[in-house]
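This report describes how strands and helices are arranged in the structure shown below, taking the sheets and the helix packings in turn.

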Amino acid sequence: MEQQQYNKLFTFLWNIANDVLVQAFEKGDYKKITLPFIVLRRLDLLLADTKQQVLDFSKTDTFRELPEESQENQLCMLTRHPFYNVSPFTMNMLRGETDETRLLLNFRAYLDGFSKHVQDVITKFDLRHYVEKLNDVHRLGMMIDKMTDKSINLGMRPVLDDEGKEKIPALDNHTMGTLFEELLRKFNEDYSVTEAGEHYTPRDYVALLADLAVLPVADQLRNGTYDIYDGACGTGGILSIVQERFAEIANEKGRRFKTSLFGQELQPETFATCKADLMLSGNSTTFSYIHNGVVRDRFANGSTICENGHPGKKFDFCISNPPFGTPWKADLEKWGLKPSEKKNIQDPRFYWPDSDKSFIPDIGDPQMLFLANNVSRMKSDGQGTRIVEIHNGSSLFTGNAGGGESNLRRYIIENDMLEAIIAVPLNMFYNTGIGTFVWIVTNRKEECRRGKVQLIDATNISTPLRKNLGNKNCEIDEEGRRTILRLLTSFEENEQSKIFDNREFGYWQITVQRPLRLRVLTDINWDEVGLKEAEKVECKAAIENVPADTPLDDWDGYACQLKLKKTLAKKLRPFVTVTAPSAKAVEGEADPKLKDTEQVPLLYPGGIDVFMQNEVLPYAPDAYVDEDATVVGYELSFTKYFYKPVQLRSIADIKADIRAIEKNTDGLLEEILSDRG
């Protein structure tokens with residue numbers, strides 16, 4: 001289809017909202033009505049050639065005797081699509097119906113006739129609700145008339161004139177998918193910027209993810225099928241673009257690739273948009289698969305965290321832009337747990353394999369759970385799995401050593417799976433200017449990358465937009481993507497690329513203790529001693545019987561002279577002692593007020609012992625490490641490695657500015673500067 005014809009079709013479909021829905025619906029509803037009607041019309045035309053065959057076969061006894069699953073398979077074989085419609089109606093048949101009651105009844109029957117996966121889209125779009133509203137405001141017939149207008153063609157066959165010449169070109173699957181995505185983008189940008197930011201990853205960012213996922217390993221790919229998964233698939237843009245990359249590589253290198261798409265999305269309407277887009281573009285020719293003998297949906301609607309839509313399934317590529325900075329309390333509630341009970345989560349995806357170490361993060365941010373989910377889906381055979389995932393900066397460093405976030409970083413790095421992290425420019429999204437980072441995780445590193453992690457600062461690789469789209473004021477164009485990809489694949493150190501040993505990001509979190517040192521008081525206010533009267537009497541007597549020469553700065557020696565039971569002596573101690581740096585250490589006890597924690601880099605020369613000798617003991621000679629409390633943690637800091645201090649101005653420049661100002665002050669500063677110059 002030529003660009004002029006494409007633009008004409010796009011404009012027609014976009015203007016339906018203004019022609020039919022204006023003043024009857026909120027602008028935020030335009031997308032929710034227009035997009036599903038476009039889907040229905042496209043499917044309607046795709047099914048036109050086999051409509052009568054489907055109707056005839058669906059009425060036979062042979063069909064009625066088949067199991068439900070077999071019925072669906074047989075009808076899909078007739079249509080040669082993963083969908084069908086067994087109602088007697090088409091949109092053309094419904095066009096022009098003047099009786100609104102009859103039109104509504106017939107349109108309901110038309111919707112009810114679609115197959116399982118189209119029904120899923122209709123339900124998730126809540127289309128039946130909007131059909132009722134369209135009818136209530138006398139716009140249902142107008143909407144159908146627009147969709148069946150003779151001046152447009154949403155079918156795969158060209159419209160011919162009376163002489164058999166092409167009047168309106170056909171609309172192939174790829175162009176249909178592009179058209180649908182462009183309409184979705186424009187609706188998001190014009191009418192719901194905030195929502196777009198939540199669900200819609202900008203196309204330029206998606207293209208970058210696709211390049212980073214596929215192109216570095218393009219030469220290693222062999223003929224065969226590759227499973228691609230997005231656990232936060234939104235409207236499906238990431239999956240579609242990655243699939244396109246595979247097609248381009250296959251064409252360039254003469255390979256035969258088949259890609260199978262899988263995903264999960266929480267929001268029903270967004271899920272419906274994704275599924276509809278994949279239907280229209282032909283990017284997914286089937287929406288079911290069999291795993292371990294169980295038939296499952298390739299695309300699941302529900303929370304990836306608490307509703308695992310693909311249990312046990314492994315994938316070749318996992319590419320996602322998961323939500324970040326949003327609480328996941330609702331997932332805990334679905335598990336029947338309170339926020340304080342998150343340690344009771346049993347899902348193995350969120351634990352270190354064969355260990356009790358948890359990957360579960362703070363309740364306020366779920367992004368590390370999505371990363372853990374993807375890590376759990378890595379294939380151990382063949383070419384392994386490649387994960388490319390967007391995160392904000394908190395994933396780099398939040399969480400204490402031994403906590404969920406740190407444990408996940410530790411697991412990934414200690415198993416040598418972190419290939420690179422790339423810092424992306426600010427203001428890349430529609431509803432936030434926050435900085436983001438792309439994590440690249442793989443269990444099949446190149447030999448030269450073994451034991452290494454690459455950090456790339458791509459924050460200055462962008463092109464300004466002519467017009468801001470919400471917070472988005474820049475994009476990464478094709479040249480920018482090539483630059484970032486070159487930084488990754490060249491694997492060299494420069495101002496924008498740093499390479500480190502895996503252990504660079506690890507540390508021991510040590511607990512430094514100091515002995516408890518107590519001095520016994522000589523003046524005791526027994527009215528303030530919190531003991532029972534009988535205990536007070538016993539303790540008074542014990543203290544009076546302590547030999548006069550017993551040192552007061554040695555609690556252990558003093559306690560022996562008290563000759564009290566250990567439990568009572570322990571109860572008495574807080575009321576008759578104070579800490580004193582010069583007192584003798586109490587055996588086996590640390591002073592809780594002097595407890596401290598330190599982070600010792602794993603690469604610190606000589607390890608913890610030398611760290612203590614160099615950094616602690618010179619200032620606290622009696623300090624020691626509580627070895628049972630030592631925990632390993634991991635964190636990354638881009639600022640540490642890419643920080644560029646601001647160059648201070650020279651004295652000469654400052655003086656020159658002052659002298660320039662002095663010219664306007666009648667020489668008042670001249671004497672001061674000349675005296676001190």
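## The nine-stranded sheet

In this predicted model, nine strands make up an open sheet whose order is β7-β4-β3-β8-β9-β11-β10-β12-β15, and the pairing within it is mixed. The edges are taken by β7, residues 299–301, and by β15, residues 497–501, each of which pairs on one side only. With direction ignored, neighbouring strands of this sheet are turned against each other by 15 degrees on average.

Within the sheet, β9 (residues 386–392) and β11 (residues 436–442) are paired in the antiparallel sense, and seven bridges join them. One position in this part of the sheet can be named at the level of residues: E389 has W439, in β11, as its bridge partner.

## Helices on the nine-stranded sheet

Helix α15, which covers residues 268–281, packs on the sheet and touches both β4 (257–265) and β7, with a direction that makes about 165 degrees with that of β7. Another helix, α19 (residues 478–490), lies across β9, β10 (418–424), β11, β12 (452–457) and β15, and it runs at about 155 degrees to β12.

The loop between β4 and α15 contains Q267. Is this residue, Q267, buried, exposed or partly exposed? With a relative accessible area of 34%, Q267 is partly exposed, because this value falls between the limits of 20% for buried and 50% for exposed. Along the chain, Q267 and G530 are 263 residues apart, and in space their C-alpha atoms are separated by 59 Å.

## The three-stranded sheet

A further open sheet consists of three strands in the order β18-β17-β19, with antiparallel pairing. Its edges are held by β18 (577–579) and β19 (585–590), each of which has a single partner strand, so that one side of each is left without a neighbour in the sheet. Here the neighbouring strands are turned by 45 degrees against each other on average, again with direction ignored.

Strand β17, residues 515–520, pairs with β19 in the antiparallel sense over two bridges, and P515 stands opposite A590 in β19. Helix α21 (residues 555–562) lies across β17, β18 and β19, and runs at about 105 degrees to β19.

## Packing of α1 and α2

Helix α1 (residues 3–21) packs against helix α2 (residues 27–46) at an angle of about 120 degrees, and their axes are 10 Å apart. This angle makes α1 oblique to α2, because it lies outside the range of 65 to 115 degrees for a roughly perpendicular pair and is not over 145, the limit for a roughly antiparallel one. The crossing of the two helices, α1 and α2, is right-handed.

On the side of α1, the contact involves L13, A17 and L21, which meet Y30, I33, T34 and I38 of α2. By residue class, the contact of α1 with α2 comprises six nonpolar residues, one polar and no charged.

## Packing of α7 and α10

Helices α7 (residues 100–112) and α10 (residues 140–147) pack with their axes 10 Å apart, at an angle of about 55 degrees, and α7 is thereby oblique to α10. The residues that make this contact are L103, L104 and F107 of α7 together with L140, G141 and I144 of α10. Sorted by class, the residues of the contact of α7 with α10 are five nonpolar, one polar and no charged.

Key:
Residues numbered from 1 in each chain as written. Predicted model: local features only at pLDDT ≥ 70, side-chain atom pairs only at ≥ 80, totals over all residues. Heavy atoms only, no water. Pairing = 2+ DSSP bridges. Helix = DSSP H or I, 4+ residues; strand = E, 2+ residues; numbered from the N terminus. Axes fitted to C-alpha atoms, helices over the stretch in contact; angles between N-to-C directions. Contact = heavy atoms within 4.5 Å. Buried < 20%, exposed > 50% of the residue type's maximum accessible area, 1.4 Å probe, protein only. Parallel < 35°, antiparallel > 145°, perpendicular 65-115°, else oblique. Left-handed = near helix turned anticlockwise from the far one by under 90°. Nonpolar A, V, L, I, M, F, W, Y, C, P; charged D, E, K, R; others polar.
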